[in-house]
Amino acid sequence: MSDKAEARLMELRTDSEEFSKAHATRIHLDEFKKSKLAILMKRAETEGHKTAAAQEREARSDPEYIQLLEDLKTATEISERLRWRLEVAKLGVAVWQTSQANERAERRAYGA
């Protein structure tokens with residue numbers, strides 16, 4: 001295997017590890033969003049908001065909830081960027097494989 005191919009494989013291993021971590025963070029934040037909403041609704045209830053609608057309104061407008069949404073947005077951006085880097089790499093491998101197959105076919109056609 002060429003040095004260039006080995007370097008690219010190492011880069012893909014690193015990207016896949018980064019993607020895994022970013023994806024896990026995104027999923028965690030997405031699930032934690034539900035818990036945070038419940039926590040903030042409970043806080044709103046202690047502040048005198050009796051109906052679920054009023055509690056939810058207060059919870060969703062809380063700065064902590066809004067920050068969580070920003071964090072989720074960032075985590076999603078990172079995760080998706082890494083996912084697409086890996087997809088592009090897969091396409092690159094497919095193109096390289098096709099190119100190699102074409103070269104082999106051409107060599108066989110000319111008896112090389």
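**Helix packing and the principal pocket in the predicted model**

Ala54 is located in helix 2. In this predicted model, Ala54 has a relative accessibility of 12% and is therefore classed as buried, the cut-off being under 20%. Its C-alpha atom lies 12 Å from that of Arg43, a residue 11 positions away along the chain. Helix 2, which comprises residues 52–60, is one of the two elements against which the buried residues of helix 3 pack, the other being helix 1, residues 3–46.

Helix 3 covers residues 63–109. For its 47 residues, a rise of 1.5 Å a residue leads to an expected span of 69 Å, and the C-alpha atoms at its two ends are indeed 69 Å apart, so the expected and modelled spans agree. At the N-terminal end, helix 3 is capped by Asp62, of which a side-chain oxygen is placed 2.8 Å from the backbone nitrogen of Glu64. Beyond the other end, helix 3 is followed by Gly111, which adopts a positive phi near 70 degrees.

The buried positions of helix 3 comprise Tyr65, Leu68, Leu72, Ala75, Ser79, Leu82, Leu86 and Ala89. Of these, Ser79 was examined individually. Ser79 has a relative accessibility of 0% and therefore counts as buried. When neighbours within four places in sequence are set aside, the contacts of Ser79 are with Phe19, Ala22, His23 and Arg26. Leu68, another of the buried residues of helix 3, served as a reference point for Lys42: the two residues are separated by 26 positions in sequence and by 17 Å in space, C-alpha to C-alpha. Lys42 belongs to helix 1 and, with a relative accessibility of 57%, is classed as exposed because this value is over 50%.

A charged residue of helix 1 was considered next. Asp15 lies in helix 1 and is buried, because its relative accessible area of 3% falls under the 20% cut-off. The side chain of Asp15 forms a polar contact of 2.5 Å with the side chain of Arg85. Apart from neighbours within four places in sequence, the residues in contact with Asp15 are Leu82, Arg85 and Leu86. Two of these partners, Leu82 and Leu86, also appear among the buried residues of helix 3.

Attention was then given to empty space in the model. The largest pocket has a volume of about 390 Å³. Its lining is made up of 11 residues, and those closest to the pocket centre are Ala5, Arg8, Gly92, Val93 and Trp96. Helix 1 and helix 3 are the elements that each supply two or more residues to this lining. The largest share, five residues, is provided by helix 1. Grouped by class, the lining consists of seven nonpolar residues, two polar residues and two charged residues.

Terms used
Residues are numbered from 1 along each chain as its sequence is written. This is a predicted model: local features need pLDDT of at least 70, side-chain atom pairs count only at pLDDT 80 or more; totals for chains, interfaces and linings use all residues. Side-chain values use heavy atoms; hydrogens and water are left out. Helices (H or I, at least four residues) and strands (E, at least two) are DSSP runs, numbered from the N terminus. The expected span of a helix is 1.5 Å times one less than its number of residues. Buried means under 20% relative accessible area, exposed over 50%, partly exposed in between (1.4 Å probe, protein chains only). Contact means heavy atoms within 4.5 Å. A polar contact is a pair of N or O atoms within 3.5 Å; within protein, one must be able to donate a hydrogen and the other to accept it, and residues adjacent in sequence count only if both atoms are side-chain atoms. On a 1 Å grid over the protein atoms alone, a cavity is a set of points where a 1.4 Å probe fits but cannot get out, and a pocket is an open set with protein on both sides within 12 Å along at least five of seven lines; lining residues have an atom within 4 Å of a point. Grid points are joined across faces, edges and corners, and a volume is the space filled by probe spheres set on the points. Ala, Val, Leu, Ile, Met, Phe, Trp, Tyr, Cys and Pro count as nonpolar, Asp, Glu, Lys and Arg as charged, and the others, Gly among them, as polar.
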